[in-house]
Amino acid sequence: MHIIVCIKSVIVKAPEAGMVRSHDSTELNPFDRPVLETALRIKEARGGITTALSMGPESSISVLSEARAMGLDRGVLACDPALAGSDTLATSTALAAAIDKLRPFDLVLFGTRTSDSDTGQVGPQAALLLGIPLVTQVHSIEYIDSGLYVERTVDGFIEKFELSFPAALTIHPASVQPRDIDLADIGPAFEKQDTKIWNLGDLELSPDQVGDAGSPTKVLSISKSKRHKRCEFIKGDTLEQADELIKRLAESGMIG
Amino acid sequence: MDSILSEKHRVVRRSVRRFSERELRPIAKEIDHEARFPWEVVEKMGRLGYFGIQVPKELGGADLDSLSYAIIIEEISRVCASLGLCVTVHNSVAVYPILAFGSEEQKAEWVPPLARGEKIGAFCLTEPNAGSDATGIESTAIKDGNSYVVNANKVFVTNGGVADTCLIFVQTNPGADRKEMSVVVAERGTTGFVVGDLEDLCGMRANPVSSIRLYDCRVPLKNLLGQEGQGLRIGLTALDTGRIGIAAQSAGIGQGALEEALGYARQRRQFGVPIEKHQAIQSMIAEMATLVDASKLMTYRAAALRDKGKPFSQESAMAKLFASEASSKITDMAVQIHGGYGYSKLYPVERYYRDARVTRIYEGTSEIHRMVIARGLMK
Ligand SMILES: Cc1cc2nc3c(=O)[nH]c(=O)nc-3n(C[C@H](O)[C@H](O)[C@H](O)COP(=O)(O)OP(=O)(O)OC[C@H]3O[C@@H](n4cnc5c(N)ncnc54)[C@H](O)[C@@H]3O)c2cc1C
C-alpha cells in the first residue's frame with residue numbers, strides 16, 4: 001500500500017499586498033492535518049508506506065518535515081522558480097506530474113480546502129489529470145479486499161461508494177482528530193533532511209504548463225474586504241421586542 | 001519574535017500551543033479553583049515527551065535543545081502556569097541533575113520512568129530555616145551499614161504531592177562546614193517518607209506544592225547523587241538551568257495576560273469607543289508587549305548560549321530576574337485594563353496576576369538574583 005498525501009504550506013496572516021511565502025509567515029494548512037492522520041491510520045491498519053507531497057518554494061520543506069514528525073515516511077517537494085504564480089490548474093498539473101512519478105501508488109489524499117485560498121479545486125483537478133476515481137468530503141473509510149468503502153455526507157444524504165485502487169479522496173476536516181506530535185519526533189524530522197526536491201525537468205513539465213504561463217486564472221489584486229456591522233435596538237416592551245425580532249429574522253431568511 | 005527561530009523551533013511552539021489550547025485552556029480555571037493536579041492531561045504529556053524534554057533518546061526522552069525547552073515551558077505557561085511549573089521543575093531541577101551527576105546505573109534506573117512521566121520528580125532544598133540561604137539546611141543523612149538514615153523537613157516542594165523521585169539536600173556530616181552538603185535520592189513509598197499537606201497558595205494552585213518529611217528513612221548508600229559534599233554544586237548547576245525555565249514561564253504568563261488584555265480592550269466600550277482607542281490603554285499595551293518581547297529575547301539568549309556550550313549562568317540569572325519582574329508588571333496592567341472585571345474570577349487575568357507573583361520568589365528571589373548578578377560583574 002502506497003499512500004500519497006498532498007499538503008500545502010499556507011500563509012498565516014491575510015496578505016496586505018503581494019504574497020510572499022517565507023519561513024515565518026507560513027504553516028501547514030490546518031485542513032491537511034486530518035488528512036495526514038487518515039493516511040497514518042490506513043497505514044497502521046493495512047501496512048505500507050506514506051509519502052507527503054507538496055508544491056511550493058523551498059521554505060515548504062518545513063511542512064514536509066512536520067508531516068514526517070507526525071509519522072509519514074518521506075517528503076517530496078515539487079519546487080522550481082517556474083512554478084511561482086501557479087493557479088489551481090497549474091498546481092494540479094505539477095502535483096499530478098509528481099504523483100505520476102511516484103507510481104506505483106494506491107491512494108492519493110487531499111484536504112478539502114486550504115486556509116489561505118480556499119478553492120477546493122486542487123484535489124479534484126489532480127485526480128482528473130491522473131485519470132483516477134475521486135470521492136470528495138470523505139468522512140469514513142472501511143477496508144474491503146478489493147479496495148475501500150468510503151462515505152460522505154451531502155445535502156442531508158449519506159453517500160457510500162466502493163472504490164478500487166488507485167483512487168483519490170479529499171478528506172473532511174472534522175472526520176478525525178489529528179494526533180499530537182511526539183516531541184521526540186521533531187528533532188529527527190528536521191535534522192535529518194532527506195526531502196526529495198523535484199524541479200520542472202524532473203517532473204517532465206515545460207514552463208508553459210505551469211506558473212503564470214500555465215495559469216488561466218489571473219489574480220489582479222487582493223485587498224481586505226470591509227465588514228459592515230450595524231447595531232440596532234428594537235423598541236417596545238419585551239413581548240413586542242420578541243415579536244419584532246422573530247419577524248425580522250424570518251424576513252431575512254435566518255429562521256424558517 | 002518567531003522570525004528569529006528555526007523551523008524546528010516554530011513547529012515545537014505550534015505543537016505545544018495546539019496541545020495546550022485543546023487540553024489545558026478548558027480546565028485551567030477549574031483546576032486553579034479546585035487546586036487539582038490534572039493527571040488526565042499529565043499522562044498524555046508524559047506520552048508526548050514533555051517530561052523528558054532534554055533527556056537522550058536512549059533513556060526515553062525527546063532529546064531536544066534548551067531553546068525548545070524554553071519555548072515549551074513558555075507555551076504551557078501561557079495557558080496554565082501551574083502545569084508549566086510542574087514541567088519545568090521536573091525537567092530542570094529533578095531530571096537534569098541526575099543526568100549531569102548520576103552514575104550510569106543511577107541514570108538507567110531513575111531517568112526512563114521520569115522521562116516518560118510515569119514518575120514525577122521533585123527538588124527538595126528549602127526548609128523552614130533555610131530559604132535564600134541554602135547552607136542553613138538542617139536535614140541529615142547519617143551512614144549506617146548499607147544505607148543513610150535520613151531525617152529531613154522539606155517545605156514548599158513543587159510537585160511534592162505527586163512526586164515519586166525526590167532529590168533531598170542533606171548534611172552527611174553535621175557539624176562540619178555547612179557548605180559540604182549532599183544530595184540523596186529518596187523514593188516515595190520508602191518507610192518514613194511522609195508527604196505533608198498541600199500548601200494553600202495564592203497562585204500556582206494546580207501544582208501540588210507540599211512539604212515532604214523523612215523520619216529515620218533508610219535510603220540505600222547507592223542513592224547518593226554525585227559525591228558527598230557535592231550538594232551545593234549540584235544545586236547551583238540545577239538552578240542555573242532551572243532559571244531558564246522560570247524565565248520562560250514568566251514570559252509565557254506575560255504573553256497570556258497580554259493576549260487577554262488585547263482581546264478585552266477591543267470589545268469593552270466606554271465613552272462611546274472600544275477602550276483600546278484610549279491612549280492610556282494603548283500606552284499600557286505597548287509597555288506590556290515590550291516587556292514580553294524583552295523577556296523572551298533574554299530567555300532565548302540564555303537558552304541558546306547553553307545549547308552552544310557557552311557560559312550562561314549570568315544570562316540566565318538576568319533573564320529570570322527581568323522576566324519574573326516583568327510578568328508581575330504585565331499581569332498588573334492586564335488587571336487594570338479589565339477594570340473591576342479584572343479583579344473578578346470571571347476573567348482569567350486575576351489568575352495570571354496571582355501566578356506571576358511567585359516567579360519573583362522561587363528558584364532564588366529577585367534580591368538574591370541581583371546579588372548573584374552583581375557578584376558576577378565584580379569578579
Ligand atoms: C510555589 C513555591 C514553590 C516552591 N518550590 C520549591 C521547590 O520545588 N524546591 C525548593 O527547594 N524550594 C521551593 N520553593 C521555595 C523557594 O525557593 C523559597 O521560598 C525561596 O528561595 C525564598 O526562601 P524563603 O521563602 O525562605 O525566603 P527568605 O530567604 O526568608 O527571604 C525573605 C526575604 O528576604 C530576602 N533576603 C534573604 N536573604 C537576603 C540577602 N542576603 N540579601 C537581600 N535580601 C535577602 C529575600 O529576597 C526575601 O525578600 C518554592 C516556593 C514557592 C512559594
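## A walk through chains A and B

Start by selecting Ser225(A): its relative accessibility is 66%, so this serine counts as exposed. Keep in mind as you go that what you have open is a predicted model. Ser225(A) sits in the loop that runs between α6 (200-203) and α7 (238-251) of chain A. Now add Ser86(A) to the selection and draw a distance between the two C-alpha atoms: you should get 24 Å, for residues 139 positions apart along the chain.

**Chain A as a whole**

Zoom out and show chain A as a cartoon. You'll find 7 helices and 11 strands. The C-alpha trace spans about 70 × 45 × 40 Å along its principal axes. Colour chain A by burial and 43% of its 256 residues come up as buried.

**Two cis prolines**

Next, select Arg103(A) and Pro104(A) and show sticks. The peptide bond joining them is cis, with omega about 0°. Pro104(A) belongs to the loop between α3 (88-101) and β6 (107-111) of chain A.

Then hop along to Phe165(A) and Pro166(A), where you'll see a cis peptide bond with omega about -5°. Here the proline, Pro166(A), lies in the loop linking β9 (157-164) with β10 (167-171) of chain A.

**The nonpolar core**

Which residues have the most contacts inside the largest nonpolar core? Select Ile7(A), Leu109(A) and Leu169(A), then add Met45(B), Tyr50(B), Ile72(B) and Ile76(B); the core they belong to has 76 residues. Highlight helix α4 of chain B, residues 66-79, as well: with 8 residues, this helix gives the most to the core. Domain 1 (2-119) and domain 3 (232-378) of chain B each supply at least three residues to it.

**The ligand**

Time to move to the ligand. Expand a selection around it and you pick up 17 residues, the closest being Thr126(B), Ser132(B), Phe156(B), Thr365(B) and Glu367(B). Sorted by type, this shell holds 10 nonpolar, 5 polar and 2 charged residues.

Now for the polar contacts, taken in turn:

- At Phe156(B), look at the backbone: one of its polar atoms is 2.8 Å from a ligand nitrogen.
- At Thr158(B), turn to the side chain, where an N or O atom is 2.7 Å from a nitrogen of the ligand.
- At Thr365(B), a polar side-chain atom lies 2.7 Å from an oxygen of the ligand.

Switch on a surface: on its own the ligand has 970 Å² of accessible area, and the protein covers 65% of that. Back in cartoon view, pick out β3 (147-157) and α11 (366-377) of chain B, the elements that give two or more residues to the shell. Of these, α11(B) has the largest share, with 3 residues. If you colour chain B by domain, you'll see that domain 2 (122-229) and domain 3 (232-378) each put at least three residues into the shell.

**Two positive phi values**

Finish with a pair of backbone oddities in chain B. Select Met204(B), whose phi is near 50°, a positive value in a residue other than glycine. Met204(B) is in the loop between β6 (193-198) and β7 (210-220). Is Met204(B) buried or exposed? Its relative accessibility is 2%, so Met204(B) counts as buried.

Last stop: Glu363(B), a non-glycine residue with a positive phi, near 50°. Look for Glu363(B) in the loop between α10 (349-357) and α11 of chain B. Glu363(B) has a relative accessible area of 13%, so it is buried.

Definitions and conventions. Residues are numbered from 1 along each chain as its sequence is written. Chains are lettered from A and ligands numbered from 1 in the order in which they are written. This is a predicted model: local features need pLDDT of at least 70, side-chain atom pairs count only at pLDDT 80 or more; totals for chains, interfaces and linings use all residues. Side-chain values use heavy atoms; hydrogens and water are left out. A residue is near a molecule or strand if one of its heavy atoms lies within 4 Å of it. A polar contact is a pair of N or O atoms within 3.5 Å; within protein, one must be able to donate a hydrogen and the other to accept it, and residues adjacent in sequence count only if both atoms are side-chain atoms. Accessible areas come from the Shrake-Rupley method with a 1.4 Å probe; for residues, only the protein chains shown count as cover. Helices (H or I, at least four residues) and strands (E, at least two) are DSSP runs, numbered from the N terminus. Ala, Val, Leu, Ile, Met, Phe, Trp, Tyr, Cys and Pro count as nonpolar, Asp, Glu, Lys and Arg as charged, and the others, Gly among them, as polar. Domain bounds come from an automatic or database domain assignment. A nonpolar core is a set of buried Ala, Val, Leu, Ile, Met, Phe, Trp, Tyr and Cys residues joined through side-chain atoms within 4.5 Å. Buried means under 20% relative accessible area, exposed over 50%, partly exposed in between (1.4 Å probe, protein chains only).
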